[in-house]
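The exercises below ask you to read a protein model residue by residue, and each task is followed by a solution in steps. Try each task with the structure open before you turn to the solution.

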Amino acid sequence: MKPPIPLNEHARLDLLRQYAVLDTAAEPVFDEIVHRAAEICQTPISLLTFVDRDRVWFKSSTGLEFREIPRDTSFCAYAICQNELYLTPDLLADERFSHNPLVTQKPHLRFYAGMPLFSPEGLALGTLCVIDRKPRELTPEQTDKLKDLALGAVLLLEIRRAADRPPARP
């Protein structure tokens, strides 16, 4: 089953390009957010992702070897269509994901929680997500902290975007 496409997809992709973050080098500040998310949620995998037209690219990751996956196999493509945390306690038990190669083959993923990264314009650019190889839940405290870390990631993206803009004229 293919993930849904947000109604604002064209504007979302245009804005994603303005951030000039795709295919950039690793940055310690984003790596720290990803490591903290994994630590707080006690998961072996955490990612900071950006959902491009045909792929999901990982700006930062812990626990996975690859740097991107096709959008059609991504859980994050579902998460960006939500206004809140997107949680799937058991991917294998969910009909949308039970045949997904990330679930049925290596790396055998079973749990996903992703918080959309909303720009100030209200467009979801990607996610901060935590993933496990076993079914599970998050505590309310873990959920709150994951949301806070996602807000921090967006703030860092905004600082980065503002630094790339020419200064405003009086």
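**Exercise 1. A buried arginine and its surroundings**

Task: In this predicted model, list the residues that Arg12 touches, leaving out those up to four places away in sequence, and decide whether Arg12 is buried or exposed.

Solution.

Step 1. Beyond its neighbours up to four places away in sequence, Arg12 is in contact with Pro6, Val51, Asp52, Arg71, Ile80, Leu123, Ala124 and Leu125.

Step 2. Arg12 belongs to helix α1, which covers residues 9-18.

Step 3. The relative accessibility of Arg12 is 1%, and since buried means under 20%, Arg12 counts as buried.

Step 4. One of the residues touched by Arg12 is Ala124, which is part of strand β6, residues 124-132. With a relative accessible area of 4%, Ala124 is buried.

Step 5. Seen from its own side, and again leaving out residues up to four places away in sequence, Ala124 touches Arg12, Ile80, Pro116, Leu117 and Phe118. Ala124 also lies 7.6 Å from Cys81, C-alpha to C-alpha, although 43 residues separate the two in sequence.

**Exercise 2. Aromatic pairs**

Task: Find how many aromatic pairs the model holds, and classify the pair formed by Phe75 and Phe97.

Solution.

Step 1. With ring centres required to lie within 6.5 Å, the count comes to six aromatic pairs.

Step 2. The ring centres of Phe75 and Phe97 are 5.1 Å apart and the planes stand at 85°; planes over 60 degrees apart count as edge-to-face, so this pair is edge-to-face.

Step 3. Phe75 is located in the loop between β3 (68-70) and α3 (76-79), whereas Phe97 is located in the loop between β4 (86-88) and α4 (101-104), so their pairing ties together parts that are 22 residues apart in sequence.

Step 4. Both Phe75 and Phe97 are buried, and for Phe97 the relative accessible area is 1%.

Step 5. Phe97 also pairs with Tyr78 in an edge-to-face arrangement, with 4.9 Å from centre to centre and 80° between the planes. Because Tyr78 lies in helix α3 and Phe97 in the loop between β4 and α4, this pair ties together parts that are 19 residues apart in sequence. Tyr78 counts as buried, at 6% relative accessibility.

Step 6. Taken as a group, Phe75, Tyr78, Tyr86, Phe97 and Tyr112 are linked into a cluster by ring pairs.

Step 7. An aromatic ring also takes part in a contact of another kind: the charged end of Arg136 sits over the ring of Phe111, at 5.4 Å from the ring centre.

**Exercise 3. The lining of a cavity**

Task: Determine how much space lies in the largest cavity and which classes of residue line it.

Solution.

Step 1. The model has one cavity of 30 Å³ or more, and the space in the largest cavity is about 70 Å³.

Step 2. The lining of the largest cavity is made up of Leu47, Phe58, Leu64, Phe66, Ile69, Phe75, Cys76, Leu102, Leu109, Tyr112 and Ile131.

Step 3. Sorted by class, this lining has 11 nonpolar residues, with no polar and no charged ones.

Step 4. Two residues of the aromatic cluster, Phe75 and Tyr112, appear in the lining.

**Exercise 4. Unusual backbone geometry**

Task: Name the residues joined by a cis peptide bond, and examine the positive phi values of Asp23 and His108.

Solution.

Step 1. As background, most residues other than glycine have a negative phi, and most peptide bonds are trans.

Step 2. The bond between Lys106 and Pro107 is cis, with omega at about 15°.

Step 3. Pro107 sits in the loop between α4 and β5 (111-118) and is buried, its relative accessible area being 13%. Apart from residues up to four places away in sequence, Pro107 touches Leu64, Phe66, Leu102 and Arg133; among these, Leu64, Phe66 and Leu102 also line the largest cavity.

Step 4. His108, in the loop between α4 and β5, has a positive phi of about 55° although it is not a glycine. At 39% relative accessibility, His108 counts as partly exposed.

Step 5. Asp23, likewise not a glycine, has a positive phi near 60°, and its place is the loop between α1 and α2 (28-41). Since exposed means over 50%, Asp23 counts as exposed at 53% relative accessibility.

Conventions:
Residues are numbered from 1 along each chain as its sequence is written. This is a predicted model: local features need pLDDT of at least 70, side-chain atom pairs count only at pLDDT 80 or more; totals for chains, interfaces and linings use all residues. Side-chain values use heavy atoms; hydrogens and water are left out. Rings of Phe, Tyr and Trp (its six-membered ring) pair if their centres lie within 6.5 Å; planes under 30 degrees apart count as stacked, over 60 as edge-to-face and the rest as tilted. Helices (H or I, at least four residues) and strands (E, at least two) are DSSP runs, numbered from the N terminus. Buried means under 20% relative accessible area, exposed over 50%, partly exposed in between (1.4 Å probe, protein chains only). A charge sits over a ring if NZ of Lys or CZ of Arg is within 6 Å of the ring centre and within 35 degrees of the ring normal. Contact means heavy atoms within 4.5 Å. On a 1 Å grid over the protein atoms alone, a cavity is a set of points where a 1.4 Å probe fits but cannot get out, and a pocket is an open set with protein on both sides within 12 Å along at least five of seven lines; lining residues have an atom within 4 Å of a point. Grid points are joined across faces, edges and corners, and a volume is the space filled by probe spheres set on the points. Ala, Val, Leu, Ile, Met, Phe, Trp, Tyr, Cys and Pro count as nonpolar, Asp, Glu, Lys and Arg as charged, and the others, Gly among them, as polar.
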